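Here is a short round of questions and answers to go through with the model open beside you. Shall we take a look together?

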Amino acid sequence: MSKSETIGWMFSASLHLGVVTVALVGLPDWSKERLTPPPPIAIEFVKIADKTQVAAPEPEEKPQEQTATEKPQPNYAREEVVAEAPAEAVPLPDAKPVKKVTEPKPKPKPEISARNKLIARTAPQSKPKPPSRLKSSRIAALIDRSIKEEQEQAPKDEEKKEEKVEQKKEEAKPDLLSGLRGRIATANLVTALSNKMASCWRLPAGAKGVEDMRVTMKIWVTSDGSLLRPPEPVGVGDINSPENAFFRVFVESAQRAVALCAPFPEATEYLRETGQQYILFNFDPSQFLGG
Amino acid sequence: MMASRFGIFLILLVLAGTNAVHAQLVVDVNRGNVEPVPIAVPEFAPVEDVETPTGKLSDIGASISDVITSNLISTGLFRAVDRNAFIEKITAAPTRPRFAAWRPLAVQALVTGRLNMLPNGNLRVEFRLWDVVGEVQMEGVGYTTPVSNWRRIAHVISDRIYSRLTGEEGYFDTRIVYIAEQGDPLSRVKRLAIMDQDGANQQFLTDGSYLVLTPRFSPNRQEITYLSYFNDRPRVYLYNILSNKFEVLGDFPNMTFAPRFSPDGNKVIMSLAEDGNSDIYVMDLRTRKVTRLTDDPGIDTSPSYSPDGSRIVFNSDRGGTQQLYVMDADGSNVQRISFGRGRYATPVWSPRGDLVAFTKIGEGKFRIGVMRPDGSGERLLTNAYQDEGPTWSPNGRVLMFFRTPPYNQGANGGKPSLWSVDLTGYNERQVPTPFDASDPAWSPPLPVTTRQR
């Protein structure tokens, strides 16, 4: 071992010794004894029921305010309404006062020329209605005639329509956007149904874990949009078990929302066109409740 | 140019082709409303309107209905439909209600009940909860009790209705123990008082001749622990409500904060001071053995167990300011969970286990808030001048606390009162007490409820 190594070892050992000494002296908590817990004290029963269980002075019971706002009805009949000056004799219906019709002020007559006056004298302003020439005996013949005329006219109209349709068909190009339009229509329907259901759904907010709950309700509707049968939760298992109490309330809230929102006439056309039997509603409050 | 036109044409072709394929109509409902559920609670109908020692049976039926309605409305989750608008009169006949008569009132839940006096003098109360929309009975239960107990039965029925409609346990058949205060600010008389959760049945447990502080309910027994300066000696007492017996847990001259029960009720955790340093200790009530859990130069106070008893939340200034910390039940694995601005005090772990309630001190106010046990999701539920001392309802949905207005605010300045707020923070209500009130502690459900479940 060289001299420098010896000096190094000695230096290192003295430093370690110094650190240990400083730790022992400077950190008194190390050497301090751990605080002993206070000794337990013997149990002592104190019966002070008679002395201390003083009943609180009962506050004066306020008479319950009547919430009903009905006005008190008098216990006597109201006085009969009497005319100020009773007539001695009951006037006949004819004697009803005739309403004075205030005649509107006559408009100033337009100045009529002498020529027009002459025309007015010679030619009547409107022709008197001629007597009806319709005779009941001729009604049947008239009906038969109109039918014949329609039958003759109808083929011509149909031929014209068919010609027009054929022309249109020839002119029509393949509608490439029809699929897009259908999708937009479906999206609109989905949005409308979602908004409608949102207005009916009372969330069981505050229930433990409700923000993580999901349920899908299967709904069958009739041709007029009303419910064909009660809404059915899909794949929920046994919701009546005690550990699923929160989830049962959640599912019931969705069922209640469907019942409150029914009928769904807006969806009937889509279901008829597509031949679908039911609608699926996914109830998911995670976004709404910040889950 | 040609390529882009061809691309657009291809896309249009694909879109056109999809017209023939109709996907199943699936509607995502991502929104809803959280308005209160309309509920109707007609008067409970007596089978025979006889006179009882407590009053006429029809009056008792009306009172039961009133208590149930009041309980349910106080949650903020239900809205009572005006009785004057009722179309159908509910009778004692055991028939289904005419749902068509309730739907126009937008009623979603209907509670009907009937009363009957039994030959032995007891009262038989039956109720049914109906889903008006689904036209089905959701619940139907009968209770037999002495007539004088009608109010308690009303609370029990409220619990059943609440539980069935929300999925969580009710909290109406519970009590609140608190400190009733009277007198001048400098010479306040403080008495231990107890009442039903709705403020009824007020009773004093101590006579005010000695100071009582910080009562805490056992989470599973009808026992209260509190600190009292009897003969100027600080002692921790244990009071059993059912047997009406007091017991001294021990003399703790250095106690800095109230003791609190463990979830199984077999231990009491507290903070004790020595040489100006407060640390957390736990006492086993069966062996009276005291164990030290923290040993830090900082001030550790206000410990509260998690519902499973495995962890403890407390506050400490070991980091420089008063913050919330969580540790294992044996005192190991201490972690700080609060990092917001201001100071945090009186943490209380929710009976559900998902939240910790606390008093936040900052911006010149004391406010009640909650956060998750890992410190995330901090929310302040109140925003008054001085709200403090939160206590959880047994189902972990509602917090009760006491509010002290500033002294310059008229006649009520500096006088504390009890308030409750639910987890949404919107349903804040004052709890009626005959005198000033502070330091509330919520009891577990009374025995009959737990036995029924």
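Q: Which residue of β31(B) stands opposite B:R403?
A: This is a predicted model, in which local features need pLDDT of at least 70 and side-chain atom pairs count only at pLDDT 80 or more, while totals for chains, interfaces and linings use all residues. Residues are numbered from 1 along each chain as its sequence is written, and chains are lettered from A and ligands numbered from 1 in the order in which they are written. Strands (E, at least two residues) and helices (H or I, at least four) are DSSP runs numbered from the N terminus. Across from B:R403, in β31(B), stands B:S417.

Q: Over how many bridges do β30 and β31 of chain B pair?
A: Two strands pair if DSSP finds at least two bridges between them. One bridge here links B:F401 to its partner B:W419 in β31(B). Strand β30 (residues 398-403) and strand β31 (residues 417-422), both of chain B, are antiparallel, and their bridges number 6.

Q: Which residue takes a positive phi in the hairpin of β31(B) and β32(B)?
A: These two strands pair in the antiparallel sense over 4 bridges, and B:L418 has B:V431 in β32(B) as its bridge partner. The hairpin has 5 residues between the strands, and the residue with a positive phi, near 85°, is B:G425.

Q: Which are the edge strands of the open sheet in chain B that has the order β29-β30-β31-β32?
A: The sheet has 4 strands with antiparallel pairing. An edge strand of this sheet pairs on one side only, and in chain B that describes β29 (387-392) and β32 (428-431).

Q: By how much are neighbouring strands of this sheet turned against each other on average?
A: Axes are lines fitted to C-alpha atoms, for helices over the stretch in contact, and angles run from 0 to 180 degrees between N-to-C directions. For this sheet direction is ignored, and the average is 30°.

Q: How many residues of strand β14 of chain B are buried?
A: A residue is buried if 20 or more other C-beta atoms lie within 10 Å of its own, exposed if 12 or fewer, and partly exposed in between, with C-beta atoms placed from the backbone. Strand β14 (residues 223-230) is mostly covered, and its buried residues are 6 of 8.

Q: Which residue in the turn between β14(B) and β15(B) has a positive phi?
A: β14(B) is joined by 8 bridges to the antiparallel strand β15 (residues 233-240) of chain B, with B:E223 partnered by B:N240. The hairpin leaves 2 residues between the strands, and a positive phi of about 55° belongs to B:N231.

Q: What distance separates the end C-alpha atoms of helix α3 of chain B?
A: The expected span of a helix is 1.5 Å times one less than its number of residues. Helix α3 (residues 150-166) of chain B has 17 residues and should therefore span 24 Å; the distance between its end C-alpha atoms agrees, at 24 Å.

Q: Is B:V67 buried or exposed?
A: B:V67 lies in helix α2 (residues 57-74) of chain B. Two residues are in contact if their C-beta atoms, placed from the backbone, lie within 7 Å; leaving aside residues up to four places away in sequence, B:V67 touches B:R151, B:A154 and B:H155. Because B:V67 has 23 C-beta neighbours inside 10 Å, it counts as buried.
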